[in-house]
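User: Hi! I have a structure here that I'd like to go through with you, one question at a time. Could you take me through the reasoning at each step?

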Amino acid sequence: MAAAAPVMGESAGGQLAAVAAQRARDENGPRLLAQVLLYPTIDAEADTASRIEYAAGPVLSAAAARGMWAGYLGDMSNAESPLASPARADSLVGLPPALILSAECDPLRDEGEDYGRALAAAGVPTRVRRLSGLVHGAYNMSAFVPRVAEFNAAVADFLQPLTSRPRAGV
């Protein structure tokens with residue numbers, strides 16, 4: 001069997017990574033080492049304080065996020081599916097360890113952090129860290145935002161102990 005690997009994504013990719021982790025668990029998919037979610041969008045219809053506080057952005061507005069969800073889902077009634085909104089899964093038990101990094105000035109901040117708390121409540125080893133002063137999409141701004149190194153350091157710090165465990169049969 002191949003060694004387990006992490007799944008990682010940012011923003012909508014974080015949603016896809018969270019869904020991939022759930023599907024891998026539920027459909028006898030590959031064993032995942034971890035899930036790393038960078039300012040993920042987790043629930044198309046989340047009603048959070050950060051969606052109100054940062055409704056106008058910067059970078060991502062709540063209206064733009066709704067428009068992206070509408071384009072992705074086609075019909076917003078599809079938002080109820082955990083395949084679209086992983087926070088709506090019947091159970092989060094048995095998912096791989098999770099790292100959720102949120103950006104302070106982001107309308108998606110609270111839904112990612114809420115998902116982290118839900119994972120932890122389900123017994124999933126979870127770390128949630130808010131990066132103060134950063135905006136949605138900061139991870140892709142390394143040429144302009146030196147603090148992107150904080151994302152990389154947090155991911156490396158989280159994954160290092162998971163990847164250094166002795167492997168069965170070795």
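User: Which residue in strand 4 does A103 stand opposite?

Analyst: Happy to help, and please keep in mind that this is a predicted model. Strand 3 spans 98–105, and its pairing with strand 4 is parallel, over 7 bridges. Within that pairing, the residue of strand 4 standing opposite A103 is L131.

User: Thanks! Which residue in strand 3 does V36 stand opposite?

Analyst: Here we turn to strand 2, which covers 32–38. Strand 2 and strand 3 run parallel and are joined by 4 bridges. Across from V36, in strand 3, stands L99.

User: How many of the residues of strand 3 are buried?

Analyst: A residue counts as buried when its relative accessible area is under 20%. Strand 3 is mostly covered by that rule, and of its 8 residues the number buried is 7.

User: Which strands are included in what covers the buried residues of helix 5?

Analyst: Let's begin with the residues themselves: V148, F151, A154, V155, F158, L159 and L162 are buried in helix 5. An α-helix has 3.6 residues a turn, so residues three or four places apart point the same way. The cover over the buried residues of this helix includes strand 1, strand 2, strand 3 and strand 4.

User: How far apart are the end C-alpha atoms of helix 5?

Analyst: Helix 5 has 16 residues, and the expected span is 1.5 Å times one less than the number of residues. That gives an expected 22 Å, which agrees with the distance between the end C-alpha atoms, 22 Å.

User: What is the angle between the planes of Y39 and F151?

Analyst: The count of aromatic pairs comes to 3. Y39 and F151 form an aromatic pair with 6.0 Å centre to centre. Planes over 60 degrees apart count as edge-to-face, and this pair is edge-to-face, with an angle of 85°.

User: How many residues apart in sequence are the parts that this pair ties together?

Analyst: Y39 lies in the loop between strand 2 and helix 2, while F151 lies in helix 5. Both of these residues are buried. Their pair therefore ties together parts of the chain whose separation in sequence is 112 residues.

User: Which residues do ring pairs link into a cluster?

Analyst: F151 also forms an edge-to-face pair with Y139, at 5.5 Å centre to centre and 70° between the planes. Y139 sits in the loop between strand 4 and helix 5, 12 residues from F151. Y139 is partly exposed at 24%, whereas F151 is buried at 0%. The cluster that ring pairs make is Y39, Y139 and F151.

User: Which residue has a side chain joined to that of Q22 by a polar contact?

Analyst: Q22 belongs to helix 1 (residues 12–26), and it counts as buried because its relative accessibility is 5%, with the limit being under 20%. The residues that Q22 touches include P82, P86, A89, L92 and L95. A polar contact of 3.0 Å joins the Q22 side chain to that of Y115.

User: Let's look at charges. What is the relative accessible area of E27?

Analyst: A search of the whole structure finds 12 salt bridges. In one of them, the side chains of R23 and E27 meet at 3.0 Å, N to O. R23 is partly exposed at 39%, and E27 is also partly exposed, with a relative accessible area of 47%.

User: How many residues apart in sequence are the parts tied together by R129 and E150?

Analyst: R129 and E150 form a salt bridge, with their closest N and O atoms 3.6 Å apart. R129 lies in strand 4 and E150 in helix 5, so the pair ties together parts with a sequence separation of 21 residues.

User: Which residues do salt bridges that share partners join into one network?

Analyst: One bridge to start from is D43 with R88, where the closest N and O atoms are 3.1 Å apart. D43 is buried at 13%, whereas R88 is partly exposed at 29%. Salt bridges with shared partners make one network of D43, E45 and R88.

Notes. Residues are numbered from 1 along each chain as its sequence is written. This is a predicted model: local features need pLDDT of at least 70, side-chain atom pairs count only at pLDDT 80 or more; totals for chains, interfaces and linings use all residues. Side-chain values use heavy atoms; hydrogens and water are left out. Helices (H or I, at least four residues) and strands (E, at least two) are DSSP runs, numbered from the N terminus. Buried means under 20% relative accessible area, exposed over 50%, partly exposed in between (1.4 Å probe, protein chains only). A polar contact is a pair of N or O atoms within 3.5 Å; within protein, one must be able to donate a hydrogen and the other to accept it, and residues adjacent in sequence count only if both atoms are side-chain atoms. Contact means heavy atoms within 4.5 Å. Rings of Phe, Tyr and Trp (its six-membered ring) pair if their centres lie within 6.5 Å; planes under 30 degrees apart count as stacked, over 60 as edge-to-face and the rest as tilted. A salt bridge is a side-chain nitrogen of Lys or Arg within 4 Å of a carboxyl oxygen of Asp or Glu. Two strands pair if DSSP finds at least two bridges between them.
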